[in-house]
Amino acid sequence: MDADCLVEIFRRLPLDDVAAAAPLVCRSWRAAARDASLWRALDLRGGGGAAARFMPWSPLGAAFAARYGVRRFTFAGYLRLCVARAAGRAAELALPPLLGAPDLDLVSLRCTELRRVALPALSAADDARLPGLVARWRRLEHLELEHRPASFPVTAARVGAGCPGFSSLKMAGAIRDVDAAAMAASLPRLKRLCLDGCYLPRHELLAVIHGCLELESLSAKHCVGFDEGDEEVAREAAMIGRLEVGGSRLVDKFDQRDVDGLDDDTSSYVDVM
């Protein structure tokens, strides 16, 4: 089969299959699986089971062990493979909560053409390094942060100064006054902003609306800190083409049923790393 046809077929396969299965069929499949265009979009999150996906005993780990003799499959190794295959052309990257400092350094240094990036909650050390990392992604257009980093004001300043095409931000967590001020001052050209589920006080929401005058879409659904029926918010955001605030409320509602059934030991987290 023609190489270009193979590449188009592989483009419809999950990334894991392109990495672990396709290269073993024959030489032409191996060559097609190495085509850098197949590795431009690297979504490594894997839904809610990201941690299990990259364990040595996972189906993916077992496939690499059986087919390539990899004795200890790790996320770091898989990430290095993906980055190498992308050959500097990766445009989209979504990372799971398994990161170490070397992983962030790798993607920051070798994936400089990224346009869309999604990052998990970061350790305190990686949080502090985030402004320096994003400064290398000068083509960045969209940034998704699973949890608002403490370094967000500095990060926003770096993005605003170094990424002229940046237009979209999605972030969760508690939005402080300094975060709202940073969006208004450093990211005034934002077109799309998603703050669903955030702790977002009314004052901070208004500061964002007043500072980001080019917003076309603002989603702040199911937030705590302002009411979905706030008339001033609706009035001040009238110039925004799409405003979604459904389910937001001024204060969080406490439900005794949420705690009545809890056992003494409520922690279900097991550190398998």
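**View 1. A125 and A128 are the exposed residues on one side of helix 8.** Exposed means over 50% relative accessible area, buried under 20%, and partly exposed in between, with a 1.4 Å probe and protein chains only. Helices here are DSSP runs of H or I with at least four residues, strands are E runs of at least two, and both are numbered from the N terminus. The model is predicted: local features need pLDDT of at least 70, side-chain atom pairs count only at pLDDT 80 or more, and totals for chains, interfaces and linings use all residues. Residues are numbered from 1 along each chain as its sequence is written, and side-chain values use heavy atoms, with hydrogens and water left out.

Helix 8 spans residues 124–134, and its buried residues are D126, D127, L130, P131, L133 and V134. These residues lie on the same side of helix 8, because they cover an arc of only 165° around the axis. The arc is taken from the directions that run from the helix axis to the C-beta atoms. The buried residues of helix 8 pack against two helices, helix 7 (101–110) and helix 9 (152–162), and two strands, strand 3 (116–119) and strand 4 (142–145). Contact means heavy atoms within 4.5 Å.

**View 2. Helix 5 has buried and exposed residues on opposite sides.** In helix 5 (residues 59–68), L60, G61, A63 and F64 are buried. Their arc around the axis is only 160°, so they sit on the same side of helix 5. P59 and A66 are exposed on the other side. Just after helix 5 comes G69, with a positive phi of about 70°.

**View 3. F64, F73 and Y78 form an aromatic cluster.** Ring pairs link these three residues. Rings of Phe, Tyr and Trp (its six-membered ring) pair if their centres lie within 6.5 Å; planes under 30 degrees apart count as stacked, over 60 as edge-to-face and the rest as tilted. By this rule there are three aromatic pairs. F64 is also one of the buried residues of helix 5.

**View 4. The buried residues of helix 1 are L6, V7 and F10.** Helix 1 covers residues 3–10. The three buried residues span an arc of only 100° around the axis, which puts them on the same side of helix 1. They pack against helix 2 (15–20) and helix 3 (27–33).

**View 5. Eight strands build an open, parallel sheet.** Their order is 1-2-3-4-5-6-7-8. Strand 1 (41–43) and strand 8 (242–244) are the edge strands, each pairing on one side only. From one strand to the next, the twist averages 5°. Two strands pair if DSSP finds at least two bridges between them. Strand 5 (residues 168–171) and strand 6 (residues 192–194) pair in the parallel sense over three bridges. Here S168 stands opposite R192 of strand 6.

**View 6. Helix 10 packs with helix 11.** Helix 10 spans residues 177–186 and helix 11 spans residues 202–211. Their axes are 8 Å apart, at an angle of about 10°. Helix 10 is therefore roughly parallel to helix 11. From helix 10, the contact uses D177, A180, M183 and A184; from helix 11, E204, A207, V208 and G211. Axes are lines fitted to C-alpha atoms, for helices over the stretch in contact, and angles run from 0 to 180 degrees between N-to-C directions. Angles under 35 degrees count as roughly parallel, over 145 as roughly antiparallel, 65 to 115 as roughly perpendicular and the rest as oblique.

**View 7. Helix 9 and helix 10 meet, with D179 in the contact.** The two axes come within 9 Å and cross at roughly 5°. The helices are therefore roughly parallel to each other. Helix 9 brings F152, P153, A156, A157 and G160; helix 10 brings V178, D179, A182, M183 and S186. D179 is in helix 10 and counts as buried, at 0% relative accessibility. Leaving aside residues up to four places away in sequence, D179 touches R148, F152, P153 and A174.

**View 8. A87 and H222 have positive phi values.** Phi of A87, a residue other than glycine, is near 55°. A87 lies in the loop between helix 6 (75–86) and strand 2 (92–94). Its relative accessibility is 53%, so A87 counts as exposed. H222 is not a glycine either, and its phi is about 55°. H222 is placed in the loop between strand 7 (217–219) and helix 12 (231–236). At 54% relative accessibility, H222 counts as exposed.
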